[in-house]
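This report describes how the protein surrounds its bound ligands, taking each ligand in turn. Please read it alongside the sequence and the coordinates.

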Amino acid sequence: MKRIAMTAAALALVFGASASRAADVAAGADPQLVQRGAYLARAGDCIACHTTAGGKPFAGGLALATPIGTVYSSNITPDKAHGIGDYTLADFDQALRHGVRKDGVSLYPAMPYPSYAKLQPADVQALYAYFMHGVAAQPTPNRAVGIPWPLSMRWPLRVWRAKFAPAVAPSAPQPAAADQVARGRYLVEGLGHCGACHTPRGVTLQEKSLTDSSSDFLAGAIVDGYLANNLRGDVRDGLGAWSEQDIVQFLKSGRNGHSAAFGGMADVVANSTQHLSDADLHAIASYLKTLKPVQAGQTAPAYSNATYQALRTGADKSEGALDFLNNCAACHRTSGKGYKETFPTLALSPTVNANDPSSLISIVLQGGAMPGTTTAPTEFAMPAFGARLSDAEVASVLTFVRGSWGNHAPAVTASMVAKIRKALPKKTADGATPEPQR
Ligand code: HEC
Ligand code: HEC
Ligand code: HEC
């Protein structure tokens with residue numbers, strides 16, 4: 001703390017730095033700037049990757065599974081030996097927006113710097129102020145990557161960066177508060193890094209598009225066995241049937257009349273979006289509503305009462321219908337409509353109607369719990385059926401769900417279920433489930 005109290009000139013002497021660097025440090029102590037940085041760190045969800053379950057905030061060490069091996073997040077607390085306490089604003093910016101560590105080595109794109117490249121310098125500065133002055137230093141050493149040689153060599157990442165990481169955004173005035181769509185685009189493409197999960201990736205793991213210039217952007221992608229849905233305007237499997245208010249409510253409370261957050265999205269809501277201001281949530285929602293559908297001319301599914309009748313009268317004796325009655329109907333009801341904001345509807349849900357059934361299989365095998373949020377604290381949960389239902393039973397109940405109440409999506413096969421079951425996180429020797437990998 002002494003360091004902050006020193007004058008800029010004294011700092012320059014002590015650290016041999018330029019006066020402007022010293023001024024940066026001094027400016028970093030501005031409480032308003034630190035507070036703004038804390039808000040931006042929420043919007044960027046830095047904590048999700050830089051903190052282990054039960055670990056100290058931002059001390060790093062979380063394992064991130066990538067197709068080539070395990071990458072561990074870094075200690076980004078202001079600890080001088082193990083964290084980023086020695087980073088200047090310029091060093092911090094190099095890591096955050098350019099993907100280059102202080103020692104010049106390239107970072108793995110498990111750190112979403114291709115999205116953070118969109119950040120305006122003023123926001124980088126606020127984040128820097130927060131990480132230097134608003135975060136407690138933790139002496140936690142960084143862990144080495146678990147990627148086998150030769151893929152562990154970092155120099156090819158330079159090539160990757162040159163090819164796929166976008167140029168850092170030129171400085172521009174922040175969009176006026178009144179320009180909601182521009183503000184929403186800035187948050188979604190940039191700090192929110194929504195595309196890191198929701199945009200499909202190419203063979204060399206780059207997001208197919210980092211901006212809305214292509215309809216691949218936010219078109220849906222698989223993350224840890226879940227489908228991070230299509231967030232474009234498609235009416236069957238995208239957000240076409242959601243109003244702006246529906247999107248705001250989902251991001252703020254983790255649930256709405258269409259769905260509830262689960263898988264990786266439950267953490268995004270808990271750690272990040274529930275903390276955003278209503279103005280920023282409306283900006284995100286109004287921007288998402290401008291995204292054209294992937295497939296023009298999808299027809300919106302319409303609710304049909306036939307399934308309800310067949311289940312009530314016992315006319316449907318198929319295995320899928322019986323499995324649904326025995327395992328699911330108590331919560332999701334024979335009408336398929338569930339109980340609003342308690343047990344989500346399965347009728348007409350974009351998750352249920354997506355072509356790729358990964359999310360459905362994963363939630364049935366593993367169960368789920370809604371994130372508890374300030375506006376909706378109850379973590380309504382769904383039990384795991386992995387031990388109770390066979391691959392064939394999961395397939396038949398989901399095929400039933402996908403063809404009922406007006407839903408219209410392809411059948412689920414036992415081999416699809418087997419594949420996802422095999423990839424589930426294994427219990428460790430001491431019986432604890434390993435920390436979820438994001
Ligand atoms: C999706 C996961 C993820 C998110 C979100 C994320 N990071 Fe990272 N970050 C990583 C990983 C993984 C590394 C280490 C990469 C490597 O070793 O190549 C890293 C590295 C860094 C580094 C470099 C540290 C060093 O040793 O030089 C900084 C600085 C950093 N992150 C800051 C941030 C900030 C600030 C945010 C929020 C705005 C953030 N990160 C959000 C995964 C993430
Ligand atoms: C760590 C990965 C991850 C990130 C980052 C992420 N999402 Fe998600 N998102 C998911 C997954 C997985 C689902 C599917 C599960 C669900 O519906 O909750 C999902 C679902 C959603 C849904 C519900 C869609 C539906 O049809 O039910 C919305 C809306 C959404 N995300 C918006 C966003 C926005 C906006 C951002 C950026 C601020 C974002 N997500 C960032 C993983 C992510
Ligand atoms: C005890 C009540 C309960 C039972 C029984 C139950 N569910 Fe759920 N279900 C929930 C809750 C609560 C959620 C939200 C979980 C979350 O957000 O993590 C949910 C979410 C879902 C979703 C995601 C819907 C969306 O769009 O958000 C699907 C699909 C689903 N359940 C299918 C099933 C199937 C199939 C069965 C039977 C095999 C079943 N559920 C049994 C309570 C239940």
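## Elements around ligand 1

In this predicted model, the shell around ligand 1 draws at least two residues from each of three elements, namely α5 (46–50), β2 (69–72) and α6 (89–98). The shell holds 25 residues in total, and the closest to the ligand are Cys46, Cys49, His50, Tyr87 and Met111. Sorted by class, the residues of this shell comprise 17 nonpolar, five polar and three charged. As for the space that the ligand occupies, ligand 1 sits in the second largest pocket.

## Polar contacts of ligand 1

Three side chains may be considered here, beginning with His50, where an N or O atom of the side chain is 2.8 Å from a nitrogen atom of ligand 1. Oxygen atoms of the ligand are involved in the other two cases: a polar side-chain atom of Tyr87 lies 2.3 Å from one such oxygen, and in Arg154 a side-chain N or O atom is 2.7 Å from an oxygen atom of ligand 1.

## Elements around ligand 2

Around ligand 2 there are 22 residues, of which Cys194, Cys197, His198, Phe262 and Met265 come nearest. At least two residues of this shell come from each of α11 (195–198), β4 (226–228), α12 (244–253), α13 (264–271) and α18 (350–353), and among the contributors β4 gives the most, with three residues. The composition by class is 16 nonpolar and six polar residues, with no charged residues in the shell around ligand 2.

## Polar contacts of ligand 2

A nitrogen atom of ligand 2 has a polar side-chain atom of His198 at 2.8 Å. On the oxygen side of the ligand, the side chain of Asn229 places an N or O atom 3.1 Å from an oxygen atom of ligand 2, whereas Phe262 makes its approach through the backbone, with a polar backbone atom 3.0 Å from an oxygen atom of the ligand.

## The iron site of ligand 2

Which protein atoms act as donors to the iron atom of ligand 2? They are NE2 of His198 and SD of Met265, lying 2.1 to 2.3 Å from the iron atom. The site has six donor atoms, the angles among them run from 87 to 179°, and its geometry is octahedral. Because His198 lies in helix α11 and Met265 in helix α13, the pair ties together parts that are 67 residues apart in sequence.

Conventions. Residues are numbered from 1 along each chain as its sequence is written. Chains are lettered from A and ligands numbered from 1 in the order in which they are written. This is a predicted model: local features need pLDDT of at least 70, side-chain atom pairs count only at pLDDT 80 or more; totals for chains, interfaces and linings use all residues. Side-chain values use heavy atoms; hydrogens and water are left out. A residue is near a molecule or strand if one of its heavy atoms lies within 4 Å of it. A polar contact is a pair of N or O atoms within 3.5 Å; within protein, one must be able to donate a hydrogen and the other to accept it, and residues adjacent in sequence count only if both atoms are side-chain atoms. On a 1 Å grid over the protein atoms alone, a cavity is a set of points where a 1.4 Å probe fits but cannot get out, and a pocket is an open set with protein on both sides within 12 Å along at least five of seven lines; lining residues have an atom within 4 Å of a point. A molecule sits in a cavity or pocket if more than half of its atoms lie within 2 Å of its grid points. Helices (H or I, at least four residues) and strands (E, at least two) are DSSP runs, numbered from the N terminus. Ala, Val, Leu, Ile, Met, Phe, Trp, Tyr, Cys and Pro count as nonpolar, Asp, Glu, Lys and Arg as charged, and the others, Gly among them, as polar. Donors are N, O and S atoms within 2.8 Å of the metal (3.2 Å for Na, K and Ca); water is not among the atoms, so sites may look incomplete. Four donors count as tetrahedral if all angles lie between 85 and 135 degrees; four count as square planar and six as octahedral if opposite donors are over 155 degrees apart and all others between 65 and 115; anything else is irregular.
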